[in-house]
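Below are my notes on the model, set out as numbered points. They cover the fold order, the strand pairing and the salt bridges.

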Amino acid sequence: MIKQIAVFLENKAGKASACCKVLKDVGVNLLALSIADTQDFGILRLITEDNASALSALKGAGYIASEVELVGLEVPDKAGALSDVLIALGDGGVSVEYMYSYAGVDGHAKIAFKTAMPDKAIEVLQKIGAKLI
């Protein structure tokens, strides 16, 4: 499982940069970042090297932030690799709420996704021999 931080932000110029500056000021390195938005608000999703420090700093700066568990895996960097994983999850009855990828190494991409059924997702992924993070 991967621990992600979700930060609720107003959708206005400078809000994401101000949030990231809070993390910069306490020396927390970002490994991955995703923003989902609506017209007025957004959710900044972060994977960091130090979630405890990141959460403390963000909450101290007045942000609404929480930690969320994601299922993480590595997939080969080749055509169809992610499709195979998604087909297996779907066939196993696992719904993916959201997903994003981030830097991988040695010809593999790292994938993180949110599901309401993480234990079932892990079971399905183990059955197909996926490399879990």
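1. Read from the N terminus, the protein chain runs β-α-β-β-α-β-α-β-β-α-β. That gives four helices and seven strands. The model is predicted, and what follows should be read with that in mind.

2. On overall dimensions, the C-alpha trace spans about 45 × 30 × 25 Å along its principal axes. The protein chain has 133 residues, of which 36% count as buried. About 7400 Å² is exposed, and carbon and sulfur atoms supply 52% of that area. Of the contacts with a separation of 6 or more, 65% are between residues 24 or more positions apart.

3. Strand β3, residues 41-48, is mostly covered, with six of its eight residues buried. Which strands pair with β3? Strand β1 (residues 2-10) runs antiparallel to β3 and is joined to it by six bridges; in this pairing Ala6 stands opposite Arg45. Strand β2 (residues 30-37) is also antiparallel to β3, through seven bridges, and Ile35 stands opposite Leu44. The connection from β2 to β3 is a hairpin of three residues.

4. On charge, the protein chain carries 13 positive and 16 negative side chains. The centres of the two sets lie 3 Å apart. The structure holds six salt bridges, some of which are taken up below.

5. Glu69 and Lys3 form a salt bridge, with 3.0 Å between the closest N and O atoms. Glu69 belongs to strand β4 (residues 64-76) and Lys3 to β1, so this pair ties together parts that are 66 residues apart in sequence. Glu69 is partly exposed at 42% relative accessibility, and Lys3 is partly exposed at 39%.

6. Lys131 forms a salt bridge with Glu74, the closest N and O atoms being 3.4 Å apart. Because Lys131 lies in strand β7 (residues 131-132) and Glu74 in β4, the pair ties together parts that are 57 residues apart in sequence. How do the two residues stand, buried or exposed? Lys131 counts as exposed at 52% relative accessibility, whereas Glu74 counts as buried at 13%.

7. Glu10 and Lys15 meet in a salt bridge at 4.0 Å, N to O. Glu10 is partly exposed at 35% relative accessibility, and Lys15 is partly exposed at 34%. With Lys12, these residues are linked in a network of salt bridges.

Notes: Residues numbered from 1 in each chain as written. Predicted model: local features only at pLDDT ≥ 70, side-chain atom pairs only at ≥ 80, totals over all residues. Heavy atoms only, no water. Helix = DSSP H or I, 4+ residues; strand = E, 2+ residues; numbered from the N terminus. Buried < 20%, exposed > 50% of the residue type's maximum accessible area, 1.4 Å probe, protein only. Contact = heavy atoms within 4.5 Å. Areas by Shrake-Rupley, 256 points an atom, 1.4 Å probe, with all protein chains shown as cover. Lys, Arg positive; Asp, Glu negative; His and termini not counted. Charge placed at Lys NZ, Arg CZ, Asp CG, Glu CD. Pairing = 2+ DSSP bridges. Salt bridge = Lys/Arg side-chain N within 4 Å of Asp/Glu carboxyl O.
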